[in-house]
Amino acid sequence: MNSAVKQPPEPPDAPAPAAAAAAAPSAAAYRNLVMATIGFALTFWAWNLIAPMSGDYKDRLGLSSFQQSLLVAVPVLVGSLGRIPVGALTDRYGAKLMFPLVSALTIVPVLLLIPARNSYGAMLAVGFLLGLGGTTFAIGVPLVNSWFPPARRGFALGVFGMGMGGVALSGYFTPRIAKHGDNLPFLVVAGALVVFALLAAVLVSDHPGRKVPTDTLAHRLGDAARLRVTWELSALYAIGFGGIVAFGVYLPTYLKTWYEMSPTEAGTKAAGFALVTVVFRPIGGWLSDRVHPALVTAGALLLAALMAVVQAFEPPLNPTGTIALLAMAAGLGTASGSVFALVSQVTPQAKVGSVTGIVGAMGGLGGFVPPLVMGAIYSAKDSYAIGFMLLSDLALAGCVYAYARMRNLRRGG
């Protein structure tokens with residue numbers, strides 16, 4: 001009996017298996033990875049400048065809770081949707097142009113936050129422009145993907161994904177810097193973006209073998225949207241990264257409301273949750289280089305689903321609740337890393353930016369439904385249990401789909 005197992009074919013643009021295994025990323029690959037990760041973190045810090053100061057704006061401008069939430073949501077929503085055209089533009093013009101350009105343009109709304117601070121309408125308008133900072137995710141993924149061989153892409157994309165920690169950096173440092181001057185956080189971030197934009201113009205480089213599409217932006221986005229895998233990946237990323245965004249937004253409120261923590265203590269616990277997600281994102285990518293990323297995604301979402309069930313029973317915070325929340329963070333962070341390892345395996349290189357834009361947008365948008373649901377359920381039932389059970393159901397559905405369908409996709413399929 002022939003016991004040999006047929007291996008799935010390599011994509012047309014991939015090197016032969018032996019060559020791929022032997023190929024080591026070049027110094028240029030690591031240089032671009034470092035630059036992309038730093039740029040991602042800085043622009044995400046800029047993207048999140050309003051949220052840490054929203055309490056001050058609420059008091060200064062006499063805002064309602066809804067107006068405060070809208071002020072925080074506008075840049076996030078714009079940044080999420082903006083990834084779609086920015087990803088397609090990166091496919092066409094390359095990250096060497098797009099990274100310094102978007103970073104430099106983000107400086108404008110960062111500085112406009114200073115004169116706009118006394119007008120709610122002006123803050124909303126500037127927040128809309130600030131959304132530009134949230135689009136760099138769709139620039140970095142195709143850049144990193146093009147420089148690293150298939151066997152190393154999962155880990156490289158996971159490292160790049162750690163740049164999402166810029167949101168946590170903003171949450172921690174922005175209010176502390178503001179204590180030394182109301183305008184100082186904006187000046188510091190603008191200065192950092194100036195330095196990065198200049199360095200990126202010199203140090204970021206597109207891969208020499210990058211395939212440049214010649215069709216129109218609308219056609220490329222249409223092609224990406226017609227791929228079934230685009231929406232499958234979007235759904236998985238909306239659960240993984242959307243869960244991270246949702247907890248980043250709502251966890252301090254949950255801890256203050258249910259466990260009666262002080263704002264400072266709740267913020268510190270929430271920062272710990274965010275740190276775990278950042279650390280486990282490259283772990284998800286690293287595991288995906290060794291095991292099919294669909295299997296990693298399924299396992300990670302299963303962990304998140306189980307921990308959501310535990311938390312639905314409203315355990316005491318120490319130690320059960322803390323363990324459940326941190327394990328949930330590990331699962332969601334791992335899934336976020338493995339989903340983009342899956343993107344690199346099943347998407348043609350010339351379409352990575354376009355697909356990344358759509359998937360990234362869905363992930364960002366996926367984070368803003370759960371907080372609304374959690375708040376509504378708590379208002380109606382005086383309990384968060386139903387909300388956690390809904391999260392468990394979604395994560396379990398993603399787990400089953402990733403295992404049953406996505407693990408059968410071939411490289412380049």
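Modeller: Helices here are DSSP runs (H or I) of at least four residues, numbered from the N terminus, and with that in hand we can place Pro319, which is found in helix H15, residues 317-346. Please keep in mind throughout that this is a predicted model.

Biologist: How many helices and strands does the protein chain have?

Modeller: The protein chain has 18 helices and 0 strands. Of its 413 residues, 53% count as buried, and when one takes the contacts with a separation of 6 or more, residues 24 or more positions apart account for 85% of them.

Biologist: What kind of peptide bond joins Asn318 and Pro319?

Modeller: The general idea is that most peptide bonds are trans and most residues other than glycine have a negative phi. In this structure the bond between Asn318 and Pro319 is cis, with omega at about 0°. A second backbone feature belongs to Glu314, whose phi is positive, near 55°, although the residue is not glycine. Glu314 is found in the loop between helix H14 (293-312) and H15.

Biologist: How accessible is Glu314, and how accessible is Ile323?

Modeller: The reading depends on two cut-offs, since under 20% relative accessible area means buried, over 50% means exposed, and anything in between is partly exposed. Glu314, with 27%, is therefore partly exposed, whereas Ile323, with 52%, is exposed. Ile323 is found in helix H15, and its C-alpha atom is separated by 9.6 Å from that of Gln311, a residue 12 positions away along the chain.

Biologist: Which residues form a nonpolar patch on the surface?

Modeller: Phe155, Leu275, Val279, Ile283, Trp286 and Leu287 do, and together they have about 500 Å² of accessible area. Helix H13, residues 263-288, gives the most to this patch, with 5 residues, while Phe155 is found in helix H8, residues 150-161. Phe155 counts as partly exposed because its relative accessibility is 40%. For the protein chain as a whole, the accessible surface comes to about 17300 Å², and 69% of it belongs to carbon and sulfur atoms.

Biologist: How many aromatic pairs are there?

Modeller: The idea is to ask whether ring centres lie within 6.5 Å, and then to read the angle between the planes, where over 60 degrees counts as edge-to-face and under 30 as stacked, the rest being tilted. The count comes to 10 aromatic pairs. One of them is formed by Tyr30 and Phe148, which are edge-to-face, at 5.5 Å centre to centre with 85° between the planes. This pair links distant parts of the chain, 118 residues apart, for Tyr30 is in helix H2 (residues 27-47) and Phe148 is in the loop between helix H7 (137-147) and H8. Tyr30 is partly exposed, at 41% relative accessible area, whereas Phe148 counts as buried, at 4%.

Biologist: Why is the pair of Phe40 and Phe137 tilted?

Modeller: The ring centres of Phe40 and Phe137 are 5.6 Å apart and their planes stand at 45°, so the pair is tilted. Because Phe40 lies in helix H2 and Phe137 in helix H7, the pair ties together parts that are 97 residues apart in sequence. Phe40 is buried, at 1% relative accessible area, and Phe137 is buried, at 2%. An aromatic cluster includes Phe40 and Phe137, along with Phe44, Trp47, Phe160, Tyr237 and Phe241.

Biologist: Where does the charged end of Arg92 sit?

Modeller: The charged end of Arg92 sits over the ring of Tyr93, at 5.3 Å from the ring centre.

Key
Residues are numbered from 1 along each chain as its sequence is written. This is a predicted model: local features need pLDDT of at least 70, side-chain atom pairs count only at pLDDT 80 or more; totals for chains, interfaces and linings use all residues. Side-chain values use heavy atoms; hydrogens and water are left out. Helices (H or I, at least four residues) and strands (E, at least two) are DSSP runs, numbered from the N terminus. Buried means under 20% relative accessible area, exposed over 50%, partly exposed in between (1.4 Å probe, protein chains only). Patches are made of residues with over 30% relative accessible area and no salt bridge: like charges are joined within 9 Å, nonpolar side chains (Val, Leu, Ile, Met, Phe, Trp, Tyr) within 5 Å. Accessible areas come from the Shrake-Rupley method with a 1.4 Å probe; for residues, only the protein chains shown count as cover. A salt bridge is a side-chain nitrogen of Lys or Arg within 4 Å of a carboxyl oxygen of Asp or Glu. Rings of Phe, Tyr and Trp (its six-membered ring) pair if their centres lie within 6.5 Å; planes under 30 degrees apart count as stacked, over 60 as edge-to-face and the rest as tilted. A charge sits over a ring if NZ of Lys or CZ of Arg is within 6 Å of the ring centre and within 35 degrees of the ring normal. Contact means heavy atoms within 4.5 Å.
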